[in-house]
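Me: I have not looked at this protein before, and I would like to learn how to read it feature by feature. Could we go through it together?

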Amino acid sequence: MKKRLALCLAGVLVWPAWAANPQPPKTVPIKQGMAYAKARKLILKAGWEPIHAVNGEACGYGEKICKKFPEIESCLADGYCKMFFKNEWDMMLVLITLGDMDAKGENAQIESWSLKK
C-alpha cells in the first residue's frame, strides 16, 4: 500500500512538469537586432542546448571564444556567424549573427534564425 501511494505521489509531482510543455516550441524568445549575449541566455533558459560545430569546422574566433560559445559553427570575415542549438524534441535552432563576436557576445546581434526538425 505504501509503494502504491509513493508511486501515485511521484506521478502527481512529475506530471505537471510534463504537462506544462508537451508540444515542441513554434517560436524562440528572441528578436532581430538583439545582442547575442542576451539572446543566448533566453535560448538556454528556454531549454535549448548548444550543438558543437555541426560540420566539424572550428568556429574561427580563437580557442577562448570557441570554447565559451561551442554552438558557433563558423564566422565569415564580413562579421556573419552561424550558431546551432537543439532541444528535447530534436529540433534545431540555427542562428545567424552580425558583428564582431567578443568574449561576452555583446557586440554581435541577431540577424536571423530558423527552426528545423
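Me: Of the 117 residues of the protein, what percentage count as buried?

Reply: Before the answer, please note that this is a predicted model, in which local features need pLDDT of at least 70 and side-chain atom pairs count only at pLDDT 80 or more, while totals for chains, interfaces and linings use all residues. Residues are numbered from 1 along each chain as its sequence is written, and side-chain values use heavy atoms, with hydrogens and water left out. Buried means under 20% relative accessible area, exposed over 50%, and partly exposed in between, with a 1.4 Å probe and protein chains only. By that rule, 30% of the 117 residues of the protein count as buried.

Me: Which helices and strands should I look for, and in what order do they come?

Reply: Helices (H or I, at least four residues) and strands (E, at least two) are DSSP runs, numbered from the N terminus. The protein has 3 helices and 5 strands, and from the N terminus on its elements run α-α-β-α-β-β-β-β.

Me: Which residues of helix 2 are buried, and which are exposed on the other side?

Reply: In helix 2, residues 36-45, the buried ones are Tyr36, Ala37, Ala39, Arg40 and Ile43. They lie on the same side of helix 2 because they cover an arc of only 160° around the axis, the arc being that of the directions from the helix axis to the C-beta atoms. Lys38, Lys41 and Lys45 are exposed on the other side.

Me: What do the buried residues of helix 2 pack against?

Reply: Packing is read from contacts, meaning heavy atoms within 4.5 Å. The buried residues of helix 2 pack against strand 1 (49-50), helix 3 (63-68), strand 3 (80-86), strand 4 (92-98) and strand 5 (109-116).

Me: How many aromatic pairs does a search of the whole structure find?

Reply: Rings of Phe, Tyr and Trp (its six-membered ring) pair if their centres lie within 6.5 Å, and planes under 30 degrees apart count as stacked, over 60 as edge-to-face and the rest as tilted. The search finds 1 aromatic pair. The rings of Tyr36 and Phe69 have centres 5.8 Å apart and planes at 70°, so this pair is edge-to-face. Because Tyr36 lies in helix 2 and Phe69 in the loop between helix 3 and strand 2 (72-75), the pair ties together parts that are 33 residues apart in sequence. Both Tyr36 and Phe69 are buried.

Me: Is Leu76 buried or exposed?

Reply: Leu76, found in the loop between strand 2 and strand 3, counts as exposed at 54% relative accessibility.
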